[in-house]
Amino acid sequence: MRALAEFIMRGRAQACIVALLGNIFPFVSPATIGLVTLRKGSAEGLLVSLWAVLPLIGTYYLSDGNQLLTLVSVAALFMMVVAANVLRVTTSWQWTMLLSVVVGVVVALGFGWFFSAAIDQFVQDVSDMFEQIAEEQKLEETPFIPGRQFILGLMAWMLTLSAIASLLVSRWWQALLYNPGGFQQEFHGLRLDSSVALLLIAAVLAGMYLPSEYKPWMQLLAVPLLVCGLALVHHSIGFLKLGGQWLGLLYFGLVFAGSSTALLLVGLGFADSILNLRARLAATKNR
């Protein structure tokens, strides 16, 4: 990864090439945009993002599939410029994550407004697919069928989570080149202010009483707590020198038991924001 980051930072042409071809691999194009934005500013990051968008524009005009997903991918790339620039200016992961949530909401609602017909068609396609599955499996109870608000909330959640994850990769690359070891210290210390954590957890808990249609919106509000919980686990494993197999177990749980593991991480992120579990862990080890 260091070699790739070095190649990207050699010049604008190299960064544009990686951004153009990086759509083949997860996170490469948005992380490239993030790295350039963090190091050289939003104008340069925006220029690199235009090259990353080129294959998506071709897909939009040449593909016979649902073009809505292509537009969402384009929005995700430009959202990276915003998120990386916020981190560059504020140097605060808390504000970067919170503003990423806000931008994700704005982008999703914007899609619902400007591409209303495409959203409705997508919702109808998903509804038809769920109904067909229910008929084939001869289910006695009618399964939950996602509606418009569910799809928009899911879109906002995916955009926000993707932006934060890609930005973490960008920051890791930046540290590899200019501050070796700095990213680990930065990520391991990631936590929210207690007031912010209380507001987020209160909103998430209140959302539990809303219909299932609004569930993704509540999950969106929990993303900063989720990331902080993940950072806490990384810190604890490193601090206690437990070994990489525990991290492997963590990500295995996220993949195969996503909801339960994510809920645990959200709880840990909230508890750390209120109780500062890192300081308590250090005090316990010292005793």
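**A small cavity, a helix and two cysteines**

Six nonpolar residues, two polar ones and no charged ones make up the lining of the largest cavity in this predicted model. Which residues are they? The list runs Met 79, Val 82, Ala 83, Val 86, Thr 96, Leu 99, Ser 100 and Val 103. Two helices come into play here: H5 (67–90) and H6 (93–114) each put at least two residues into that lining. As for the space inside, it comes to about 30 Å³, and searching the whole structure turns up one cavity of 30 Å³ or more. To find gaps like this, a probe the size of a water molecule is rolled over the atoms, which shows where empty space is left.

Next up is helix H14, which covers residues 258–275. Its 18 residues stretch 25 Å from first C-alpha to last, close to the 26 Å expected at 1.5 Å a residue. Tucked away as buried residues of H14 are Thr 261, Leu 265, Val 266, Gly 269, Asp 272 and Ser 273. Looking down the axis of H14, these buried residues sit within an arc of 140°, so they line one face of the helix. Over on the other side of H14, Ser 259, Ser 260, Leu 263 and Leu 264 are exposed. Right after H14 comes Asn 276, with a positive phi near 55°.

What about the cysteines? Cys 16 is buried, at 6% relative accessible area, and Cys 228 is buried too, with a relative accessibility of 1%. How many disulfides does the structure hold? The count is zero.

Note on methods. Residues numbered from 1 in each chain as written. Predicted model: local features only at pLDDT ≥ 70, side-chain atom pairs only at ≥ 80, totals over all residues. Heavy atoms only, no water. Disulfide = S-S within 2.5 Å. Buried < 20%, exposed > 50% of the residue type's maximum accessible area, 1.4 Å probe, protein only. Helix = DSSP H or I, 4+ residues; strand = E, 2+ residues; numbered from the N terminus. Expected span 1.5 Å × (residues − 1). Arc of directions from axis to C-beta. 1 Å grid on protein atoms, 1.4 Å probe; cavity = no way out; pocket = protein on both sides within 12 Å on 5 of 7 lines; lining within 4 Å. Points joined across faces, edges and corners; volume = space filled by probe spheres on them. Nonpolar A, V, L, I, M, F, W, Y, C, P; charged D, E, K, R; others polar.
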